[in-house]
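Please open the model in your viewer and keep the sequence panel beside it, since each stop on this tour begins with a selection and then describes what is found there.

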Amino acid sequence: MHRRISLAAVLSATAVSAAVFTPSDASAFAKYAAEFLRIGVGARALGMGGAFVAIADDASAAQWNPAGLALLRQGELMAMHSEHLGSLASHDYLGFAQPLQGDKAAGIGIGLVRFSVDDIPLTKHAFDDLNGDGERQDNEPILTDQFEMKSDDEYGLFLTYAREIRTGWLFGGNVKMLRQGLLDNTSFGIGLDFGVLYLAQPGLMLGARLSDATATQISWDTGHKDTVSPSLHLGGSWTRGFDAIRGSLTAAGGVGMTFDRRIEASQFGESSLTGDLQGGLEYWYAERIAARVGTDAGELAAGAGLRLDRFGVDYAFLSNADLDDSHRISANVRF
């Protein structure tokens, strides 16, 4: 089995929870707390394999590198929708970004991520309790008509500010609010992300993002608490125009590292430090039509984009050796 199981971790936790889980024993899944935020947003970035930490120049910047909002010269609204596992899970994003006027480049933004799984069968009590002990025995039949259908809804709200702190250096941060609803219980958490971009030379950008910098704590209404450990993403991008092909080419790469011992869900690492590699290429023809290809932790990604004046649409295909392939579509308007 491929070791990259981020989405699988979310859905597996949800499926198991439907049968046996209550938040009082949620520590079994604490390693994947708020895992839905690792899936990524924006079809452009995803079509490049998620190698976007040193680009992040659109309304998805809160996810990839909040410092990127200082690169925007126009306001932008972005929306994305995708479905996973035969439409079992839905993943949506809505983001808004606006540059600020001043002596230094700056921008603000707000982004909302939603991940949901509907119609989860709760089977724990759906049996004929013949002896009245509240526990199912082998001779007690399962009653399918008593299955309860529940849902899992997870939300992440990003409030972002970015600013050029000196020539070539951009800094940004997120205040991140999380709300999860699993079966009949809810949780809430607040975290901080920080990002930096450095224009090393024309066309060459270096970037870093520290997510959950203060170890985001998520509190359930049962009194249980999960902790999201910090993660660090590093990357670089290089862009150059080519008159011969009437366009520009961007090559990007990056590495994402976590500190929560997710050895089976990562490409490399041992003990407390594990990581995954990302890489991608993007070609723009006449600043109108884009083609993209990339790899995220060894999985193929590809995509395309179209820009017409202020409007744009992007598509991404992401393969997965263990789960089904997925398709992402996002649209944006600049004003």
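## Starting at Leu100

Select Leu100 and display its surroundings: once its neighbours within four places in sequence are set aside, the residues in contact with Leu100 are Ala106, Gly107, Ile108 and Tyr161. The model you are looking at is a predicted one. Leu100 belongs to strand 2, which covers residues 89–100. Is Leu100 buried or exposed? Neither word fits, because its relative accessible area is 35%, and a residue counts as buried only under 20% and as exposed only over 50%; Leu100 is therefore partly exposed. Add Gly75 to the selection and draw a C-alpha to C-alpha distance, which comes to 9.4 Å for two residues that are 25 apart in sequence.

## The whole chain

Now zoom out and colour by secondary structure, where you will find 3 helices and 17 strands. Of the 335 residues in the chain, 48% are buried. If you consider the contacts with a separation of 6 or more, 54% of them are made by residues 24 or more positions apart. With a surface switched on, the chain exposes about 15,500 Å², of which carbon and sulfur atoms supply 59%.

## Strand 6 and its partners

Select strand 6, residues 185–201, together with strand 5, residues 169–182; these two run antiparallel and are joined by 14 bridges. To see one opposed pair, pick Lys176, which faces Gly191 in strand 6. The hairpin that strand 5 and strand 6 form has 2 residues between the strands, and in it Leu183 takes a positive phi near 55 degrees.

Next, add strand 7, residues 204–211, which runs antiparallel to strand 6 and is joined to it by 7 bridges. Here Phe194 stands opposite Leu210 in strand 7. Strand 6 and strand 7 also form a hairpin with 2 residues between them, and Gly203 in the turn has a positive phi of about 90 degrees.

Which other strand should be selected with strand 6? Strand 8, residues 216–220, is also antiparallel to strand 6, with 4 bridges joining the two, and Trp220 in strand 8 is the bridge partner of Ser187.

## Two alanines in loops

Move to the loop between strand 7 and strand 8, where Ala215 lies. Most residues other than glycine have a negative phi, yet the phi of Ala215 is positive, at about 60 degrees. Ala215 counts as partly exposed because its relative accessibility is 29%.

Then jump to Ala286, in the loop between strand 13 and strand 14 (289–296). Ala286 is not a glycine either, and its phi is positive at about 50 degrees; with 33% relative accessibility, this residue counts as partly exposed.

## Strands 10, 11 and 13

Select strand 10 (231–242) and strand 11 (247–258), an antiparallel pair joined by 12 bridges. Within this pair His233 stands opposite Gly256 in strand 11. The hairpin of strand 10 and strand 11 has 4 residues between the strands, and Arg246 there takes a positive phi near 50 degrees. Adding strand 13 (273–285) brings in another antiparallel partner, with 12 bridges joining strand 11 to strand 13; on this side, Gly253 has Gly279 of strand 13 as its bridge partner.

## The two pockets

Finish with the pockets, beginning with the largest, whose volume is about 660 Å³. Its lining has 22 residues, and those closest to the centre of this pocket are Arg44, Asp57, Trp284, Arg307 and Arg334. Strand 1 (76–84), strand 11, strand 16 (311–318) and strand 17 (326–334) each supply at least two residues of this lining, which by class holds 12 charged, 6 nonpolar and 4 polar residues.

Which residues are closest to the centre of the second largest pocket? Select Arg44, Ile55, Asp57, Thr239 and Thr250, which have that place among the 15 residues that line it. The volume of the second largest pocket is about 240 Å³. Strand 7, strand 10, strand 11 and strand 13 each supply at least two residues of its lining, and the residues of that lining divide into 7 nonpolar, 5 polar and 3 charged. As a last view, show Arg44 and Asp57, which are listed among the residues closest to the centre for the largest pocket and for the second largest pocket.

Definitions and conventions
Residues numbered from 1 in each chain as written. Predicted model: local features only at pLDDT ≥ 70, side-chain atom pairs only at ≥ 80, totals over all residues. Heavy atoms only, no water. Pairing = 2+ DSSP bridges. Buried < 20%, exposed > 50% of the residue type's maximum accessible area, 1.4 Å probe, protein only. Contact = heavy atoms within 4.5 Å. Areas by Shrake-Rupley, 256 points an atom, 1.4 Å probe, with all protein chains shown as cover. 1 Å grid on protein atoms, 1.4 Å probe; cavity = no way out; pocket = protein on both sides within 12 Å on 5 of 7 lines; lining within 4 Å. Points joined across faces, edges and corners; volume = space filled by probe spheres on them. Nonpolar A, V, L, I, M, F, W, Y, C, P; charged D, E, K, R; others polar.
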